[in-house]
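User: Hi! I've got a model open and would like to walk through it with you. Could you start with the part that deserves the most caution?

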Amino acid sequence: MSNYELHASETSISIPRVITVDGVNYYEVMVKCGLVMWTVNRRYRDFDDLHSKLVQERSVAKDKLPPKKVIGNRSPTFLKKRQEALEQYLKEMLIFLKVTMPREFVEFLEFHRYDIIFLAQNLACSFFLRGETFLAKSKKYGFSVLELHAISERLKLPCPATEAADSALNFSHIMDFCSQLETVIVLPTKNSLPMILYDDDSEKYIPHALHKPIASSNLIPSQLRYELSVFKGLKNLLIYGISTENIENVGGLCESLVRIEVYKSEIKHIRQIALCDDIHKNTVTELDRSKEWRNLRHAVFKENQLTEIDFTIRLFPNLKDLVLDKNQIECIANLSALNNLQALSLRCNRISECVDWHLQLGNLVSLNLSQNRIRLLEGLSKLYSLVNLDLSCNQIEQISEIDHIGNLPLLENLRLMGNPVAGSVDYRARVLSRFGDRLQEIYLDNEKGNQTEYDTALVLSALRISAQASQRKLHSLLLPDEEEQQQAVAGTSNGTR
């Protein structure tokens with residue numbers, strides 16, 4: 001971001017061209033402050049309004065602004081001359097007002113959108129006037145990464161003279177407002193939330209506005225770092241599209257945060273969240289327990305690029321709910337330390353096997369594995385605390401796979417729609433038959449069975465039990481003959497020796 005106080009001598013204004021839209025002429029004003037630049041499109045009437053205010057309130061001479069012209073004001077020659085004259089006017093105003101930088105001049109050039117000091121002052125004024133109203137309705141507020149970057153950089157600077165002259169611009173209003181918030185939403189740009197929420201194409205997702213310049217500036221959201229130490233009582237943090245690696249300092253959030261949600265970012269590892277402000281996160285081999293997020297109960301890391309659940313997930317020891325939907329995870333790991341974990345969602349990942357998951361998820365109540373690549377269910381057979389299981393839209397073909405979960409004593413809700421097995425004849429009755437005496441307790445694909453399905457299921461269950469008994473009896477009859485053959489073979493071997 002620009003910092004006019006530091007780069008006043010490196011600030012310049014020009015009008016490189018005139019843009020005509022629907023017969024209206026706009027003068028493109030280009031502002032450069034240090035390495036930051038942006039453009040603002042203004043009509044002549046905007047210049048005239050600005051000049052009237054400066055004449056009235058800042059003692060600017062009336063004849064400084066080029067005069068109006070009613071006839072011939074659209075000819076290329078006239079527009080070129082006016083363009084040059086307006087550029088000269090702005091340069092003179094910048095020299096005249098460079099020390100005081102009045103609000104009307106700042107807003108005309110949009111310093112309040114791209115400059116650290118002026119953006120912070122704009123926020124301070126907003127919170128001074130409307131902060132109490134915001135907080136009375138909800139202790140929740142959405143910041144763009146540009147605003148958080150400005151706040152973070154402003155923390156490092158001394159108080160500007162303009163703030164001392166106008167108490168409404170004082171940075172303390174931001175500090176006070178932020179310290180009372182309970183929920184903060186971080187966005188790439190201020191207006192990007194609807195775009196982010198309703199783009200559901202995760203496979204081809206390119207974070208909206210993340211690598212594109214903000215409005216007409218050369219500022220890139222993904223390059224802006226920020227800290228969160230100003231949020232003293234924060235309980236919920238939601239981050240959309242921005243990597244958590246942009247966070248320089250989490251402050252006391254490890255102690256206060258109850259919920260964290262990270263959506264549609266480019267993070268590939270849990271450590272980029274759990275150790276977001278640690279510059280050595282990528283080389284950590286042992287956990288520092290002082291960095292645990294002790295009060296964190298709910299974590300949603302959805303539509304990112306996670307490929308694994310690395311060992312830093314243990315820094316969230318008291319998690320109850322973990323959502324990892326729409327990532328690139330192939331297997332689970334490091335979850336055995338999360339003794340309080342009750343709900344896990346891995347929808348839309350790349351999981352094809354569930355080997356001995358009870359060793360990782362002993363106390364799980366709800367498990368969502370929909371839209372993966374699962375064929376076999378044996379690895380779920382010992383999740384005895386499971387109540388809700390979503391296996392919809394996988395690759396389960398054999399009805400016999402249901403036997404592995406049919407004996408789970410607490411299972412009530414099972415979803416299998418979208419699997420090949422769901423297309424078989426009497427699918428519902430055949431699945432319910434695998435639950436024996438509990439079949440009437442089961443909601444299959446969000447519905448309880450009807451009496452016809454129960455009757456069919458009981459018949460199928462009886463036939464299966466009878467067939468299994470016959471197989472056991474046949475096996476017991478054949479077993480002595482097999483033993484005699486084995487003894488004979490053994491005797492022959494001994495005789496040979």
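Analyst: Sure! In this predicted model, pLDDT (the predictor's confidence in each residue, from 0 to 100) stays under 50 over residues 197-206. For that stretch the model has twelve contacts (heavy atoms within 4.5 Å) beyond four places in sequence.

User: What is the mean pLDDT of the chain?

Analyst: The mean is 89, and 91% of the residues reach 70 or more. As for ground rules, residues are numbered from 1 along each chain as its sequence is written. Local features need pLDDT of at least 70 and side-chain atom pairs count only at 80 or more, while totals for chains, interfaces and linings use all residues, and side-chain values use heavy atoms, leaving out hydrogens and water.

User: Thanks! Which order do the strands have in the open sheet of three?

Analyst: The order is β1-β2-β3, with antiparallel pairing. Strands here are DSSP E runs of at least two residues, helices are H or I runs of at least four, and both are numbered from the N terminus. Two strands pair if DSSP finds at least two bridges between them.

User: And which strands are at the edges?

Analyst: β1 (11-21) and β3 (36-42), each pairing on one side only. Seven bridges join β2 (residues 24-33) to β3, and Val-31 stands opposite Trp-38 in β3.

User: What lies across β1 and β2?

Analyst: Helix α3 (residues 76-97) does, running at about 150° to β1. Axes are lines fitted to C-alpha atoms, for helices over the stretch in contact, and angles run from 0 to 180 degrees between N-to-C directions.

User: Switching to helices: how do α6 and α9 cross?

Analyst: The axes of α6 (residues 116-137) and α9 (residues 172-180) come within 8 Å and cross at roughly 45°. That makes α6 oblique to α9, since angles under 35 degrees count as roughly parallel, over 145 as roughly antiparallel, 65 to 115 as roughly perpendicular and the rest as oblique.

User: Which residues of α6 and α9 meet?

Analyst: Among them, Phe-127, Phe-128 and Phe-134 are on the α6 side, with Ile-174 and Phe-177 on the α9 side. The residues of this contact divide into nine nonpolar, three polar and no charged. Ala, Val, Leu, Ile, Met, Phe, Trp, Tyr, Cys and Pro count as nonpolar, Asp, Glu, Lys and Arg as charged, and the others, Gly among them, as polar.

User: Last one: in what sense do β9 and β10 pair?

Analyst: β9 (residues 259-263) and β10 (residues 298-302) pair in the parallel sense over five bridges. The bridge partner of Val-262 is Phe-301 in β10.
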